[in-house]
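Here are my notes on the model you asked me to look over. Have it open while you read, since the points are meant to be followed on screen.

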Number of protein chains: 2
Amino acid sequence: MREAEVAVTFQPQGKTVYVLEGTRLMEAAAGAGVVLDQPCGGAGVCGKCRVTVSGGACEPTPAEREVFSAEQLDAGFRLACQSSVCGPMTVEVPQTSLLAAHHKILARAKEEGTAQLAGGPAVRKQYVELPLPTRGDDRPDLVRLEDAVGHFEIDLELLRNLPARLRETDFCGTTVMSDHHLIDFEPGNTEAETFAVAVDLGTTTLVAVLLDLRTGDELAVVSRLNPQTRFGDDVLSRILHAGQGPDGLAELHEAITEAVDAMIGELVTAAGIRRERIYELTFSGNTTMQQILCRIDPRSLGEVPFVPAGGRGLLLEAARLGLQVHRRARVYVLPVIGGFVGGDTVAGILATGLTEAAGPTLFVDIGTNGEIVLFAEGKLSAASTAAGPAFEGARISHGMRGSSGAIEKVVVDGRLRTNVIGDVAPVGLCGSALIDVAAELLRYKLLTPRGHLLTPDKLPNQLPADLVKRVVLHDGQAAFLLAPETESGTGKPIVLTQHDLRELQLASGAIRAGILILLQRAGLEPADLEGVLIAGGFGNFIRRSNAQRIGLLPSKIEHHRIRYQGNTSLAGARLVAISQEARRMAEDLAHRTEHVDLSTHADFQMTFADAMIFPQD
Amino acid sequence: MREAEVAVTFQPQGKTVYVLEGTRLMEAAAGAGVVLDQPCGGAGVCGKCRVTVSGGACEPTPAEREVFSAEQLDAGFRLACQSSVCGPMTVEVPQTSLLAAHHKILARAKEEGTAQLAGGPAVRKQYVELPLPTRGDDRPDLVRLEDAVGHFEIDLELLRNLPARLRETDFCGTTVMSDHHLIDFEPGNTEAETFAVAVDLGTTTLVAVLLDLRTGDELAVVSRLNPQTRFGDDVLSRILHAGQGPDGLAELHEAITEAVDAMIGELVTAAGIRRERIYELTFSGNTTMQQILCRIDPRSLGEVPFVPAGGRGLLLEAARLGLQVHRRARVYVLPVIGGFVGGDTVAGILATGLTEAAGPTLFVDIGTNGEIVLFAEGKLSAASTAAGPAFEGARISHGMRGSSGAIEKVVVDGRLRTNVIGDVAPVGLCGSALIDVAAELLRYKLLTPRGHLLTPDKLPNQLPADLVKRVVLHDGQAAFLLAPETESGTGKPIVLTQHDLRELQLASGAIRAGILILLQRAGLEPADLEGVLIAGGFGNFIRRSNAQRIGLLPSKIEHHRIRYQGNTSLAGARLVAISQEARRMAEDLAHRTEHVDLSTHADFQMTFADAMIFPQD
């Protein structure tokens, strides 16, 4: 039986989620896509995740009483890592509590503007009033301009227009530079209109954010389903499609560029700006998505040894991708580490500040492919694991993505309690619930470490009645009933089957094996890890204890050392838009990260087999 | 009466000219476009201009007897600066005697190949056999290639093709780099086919040379009339046309690019190579020609203060100019110094090694605009003078360019002797004859220093009979008869009129005034000059003594210090094709040369007025 959920609204984001009472504010916020800073790992001591709550606030915890005065507590001040949901509520999130503020570059941009960052953004404007040519000062137009703003490259088309442009404006206007390229000379002073768009190119979801390059501020955010999903759910199906006929790649490329162009349209409408004032786009995605964006044949990514075309970051003309922004706007695509460790992982390393960690730290991006990066003793190593799409709901009988109608959380506390996204009747379950159910089944010993789900005739004694009736046979195999047909939005029961749990074993085991091998190569044990940084939209929804219970994350790591990082791919794309230093760092990180091909590792098969076994309690 | 001329053929150039007996070999060679080296200034001591003569050789001079053995003299060895034409002859010119060998960079390229030059050519090829990708070596394609040949930029189109190209060739092929850009990866080893084209963009004449970039060798040379001449003879008429209607500039641009493309066709046919193996084109011309080539509106070059668009050298894509060579071939256009001191002058400074001169040296390019550069005490200053088109035959009653039928040399030795280009009946006279006639008229006092040509009724006593009959009235003004209608190819007499001599005064005076002002600004007198380097096709034909007699060149300079340099614009374009160091030098030379606007100089009008007066004997 579904328990009533309560609405929690986050401001100024304007996002509402429905969660079970007792849910931590931090977790509810993650569900709303609002990722809060927690440098202390959620121990309640740093005070960084402060929010203001109105409505169903819980009583303050001892930690909160240490941090806040009585007046503040009365005014609704709480720590998101400590406080929970005790009723419908609104949570005000100050800018300073958002995770983004955590990164030094973003923090500095916020405080002082991007111009103070080392290098500043690649795109810079400068209003100039040049002295008019005279017989005593007959410098060439280009030299006159360079003497004012420094050396630049210029393309032929702009050079052809420059003499007329300068004379029409009486030699007063705004230079627009992109790196060392002059990309425009605009009439009047347009310094206030300097925009860029950062895009996270997910296999499933595209997210784009409009940035004010002077401040680094986000002016608008939009997201949509990656339209390439009609050609297949995972990257391999996209690579396969790219190889089908002469138009396969073009179809994929146009699908993505048209979607991005449409998102740019939404962003400029939302912010009330002109497309021509967008001078740069930055893209972060897995290697295949990035190659398709650039229309670089990805077929070699589909064959052993999975070789990317590029490697380092690419600078392209936006017009070549058919994107309608400034006519000489440029595109920066993040560098990649390997065929399955792409720009999104580089963005993640960059955005989480992984290399600034004091001790060995792991970065894990859990998705169709789990990307894992270990930073230890100054060295970076990275691997990808073919986790399969189980966490994204594919190959699971009633699996689905984390969208409306998905059971996203399951708690068994004598009886089953579920949380459904959108507060509607459930139609399936998403990856986080899959982990929850498996963890609870292991706790109640309905699931063996080897992944065998007990059948109704073999239940242990003293099992709570609510669970007894949920252990069923479904199409002849053992299954666990999450919602009977009377509660289901589909009119049919929603179950998790023996087969589904096998898929989870494979997915979880692959990531766990990857983690263990990277640690082993560095001579480390899980307990040596100072932190585990979890990235990706899906990562935000995982219950840490349950992920550890099923062995997806190493169990020997204290709970507070596992930290959600939000959409680090987008955060990295944003960083490289506002900071040339970040761009140089991204190139350096990609270059210095050792790419570990797990399949060639002698111990991989054995480690993988072991990792598929769920840990003993 | 025309004197018989004799044919002199130069080998291996295969060029034949017809000259009067007694003509110096050096001068005959210049007339054939064969410019010989003369580091000693024609004093007969350095032995650099040695040639081998068969046919009408003159007796050896004492200087030649010093340099050569009796056997060598018998075998026809002569010094071109000493020996003259005593009958029809063939002259073999060793490579080492050509002026081109004078420049250090060309000399080194000749001896050791271009790869030994600092920086080498911008275009370089390297055949590579890359290790095939394996699971243990899954470097991105780009990284694999860069690890073999070093870092490069790459455009999107080539990057898109690269993965397929590498796999089709089993990762063996030839990289083609242009500066830091990878512009192709060609199947097989194509290192032997690395070509460029250097072009001299003259207002009147276009010259293009095909270069082997490995050796710097010239493989073929072609020239043709600049088709823009149909829009006007001088740069101002071209600028005017560019401003007429929306298509004016496009017409001029297409005329020049179509002509260059046709010349490329001739070059590849002559050398038996493929257009796609030409990876670079270098262009040298005056500022207007260069801007029109790039389709940059030249209108600001036609208005005070005559401002060029660019300044520094430009790197463009050949495809953007519609030139059919390698699809990613690049174009380098030389930097300019001012609106009327263009890339051709920079090329001249570079090619003549002006800045390596031990003492104050002048570079003079005599044409429609006389460009003058002074190098003194480490400093370069440059000026242009609106000499007008008199030296090119325009605005002179029977003036014409130095082509077939032009009287190009006039000697008065009691009677008039003329030399006609092509050994045909004369149809006009060109600039060098104009100077000759004026000098002779001054010597015989038929012309006063103020430029007054005596009328038939005021002739001095004792004037040779052949001259007496040549002083005539033509359309009511005093004139000098060069060819009566019975000898003329037009059936009408060929004369030089009082008006023509006024035009000459203006042209010569402008250049002389420019020279004097540049010298004066540097605190120098003409006698302080260590050398005067004469450039331009026309320059080769000028008789030094006559140019000094009329005051075009300062009279206080010893004869042997005036040296012909041939087509220095083309030589400079060739240098920047084969040497990146030369390209850097060109940029530096353009940057450091002070541009002197003569018209703003306080003394210019007075100096110009004085300079129009022919020197006293």
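The points below go from the chain pair down to single residues.

1. A word of caution to begin with: this is a predicted model. Please read everything that follows in that light.

2. Let's start with how the two chains sit relative to each other. Chain B superposes on chain A after a rotation of 180 degrees, with 0.0 Å of shift along the axis and an RMSD of 0.1 Å. That is how copies about a two-fold axis are related.

3. Now the interface. On the chain B side, 38 residues are in contact with 38 residues of chain A. Two elements of chain B, α5 (141–149) and α6 (156–168), each give two or more residues to the side that touches chain A. The top contributor to that side is α6(B), with six residues. If you sort the side of chain B that touches chain A by class, you get 19 nonpolar, ten polar and nine charged residues.

4. Which surface does each copy use? Of the interface residues of chain B, 100% are also interface residues in chain A, so the copies meet through the same surface.

5. On to the domains. Chain A splits into domain 1 (6–102), domain 2 (123–187), domain 3 (197–333), domain 4 (353–389 + 505–611) and domain 5 (390–498). Note that domain 4 of chain A is written as two segments, 353–389 and 505–611. If you want a ruler for the layout, the C-alpha centres of domain 1 and domain 3 of chain A are 34 Å apart.

6. There is a helix pair in chain B to look at. Helix α7 (residues 235–242) and helix α8 (residues 248–271) of chain B have axes that come within 6 Å and cross at roughly 130 degrees. Are they parallel, perpendicular or oblique? Angles of 65 to 115 degrees count as roughly perpendicular and those over 145 as roughly antiparallel, so α7(B) is oblique to α8(B). From α7(B), the contact uses Arg238(B), His241(B) and Ala242(B), while α8(B) supplies Gly248(B), Leu249(B) and Leu252(B). By class, these contact residues are three nonpolar, two polar and one charged.

7. Next, a sheet in chain B. Three strands form an open sheet in the order β22-β23-β24, and the pairing is antiparallel. At the edges are β22 (471–474) and β24 (494–497) of chain B, each of which pairs on one side only. From one strand to the next, the twist averages 50 degrees.

8. Zooming in on one pairing in that sheet: β22(B) is joined by four bridges to strand β23 (residues 477–483) of chain B, and the two run antiparallel. To find the register, look for His474(B), which stands opposite Gln477(B) in β23(B). Helix α13 (residues 498–521) of chain B lies across β23 and β24 of chain B, and runs at about 60 degrees to β24(B).

9. Please check the cis peptide bonds in chain A by eye. One joins Gln11(A) and Pro12(A), with omega about 10 degrees, and Pro12(A) is in the loop between β1 (6–11) and β2 (15–19) of chain A. Another runs from Val304(A) to Pro305(A), where omega is near 0 degrees. Pro305(A) sits in the loop between α9 (287–293) and β14 (314–317) of chain A.

10. Last, a backbone angle. Gln462(A) is not a glycine, yet has a positive phi, near 60 degrees. You'll find Gln462(A) in the loop between α11 (431–443) and α12 (465–468) of chain A.

Methods
Residues are numbered from 1 along each chain as its sequence is written. Chains are lettered from A and ligands numbered from 1 in the order in which they are written. This is a predicted model: local features need pLDDT of at least 70, side-chain atom pairs count only at pLDDT 80 or more; totals for chains, interfaces and linings use all residues. Two residues are in contact if their C-beta atoms, placed from the backbone, lie within 7 Å. Ala, Val, Leu, Ile, Met, Phe, Trp, Tyr, Cys and Pro count as nonpolar, Asp, Glu, Lys and Arg as charged, and the others, Gly among them, as polar. Copies are superposed by least squares on the C-alpha atoms of residues with pLDDT of at least 70 in both. Domain bounds come from an automatic or database domain assignment. Axes are lines fitted to C-alpha atoms, for helices over the stretch in contact, and angles run from 0 to 180 degrees between N-to-C directions. Angles under 35 degrees count as roughly parallel, over 145 as roughly antiparallel, 65 to 115 as roughly perpendicular and the rest as oblique. Two strands pair if DSSP finds at least two bridges between them.
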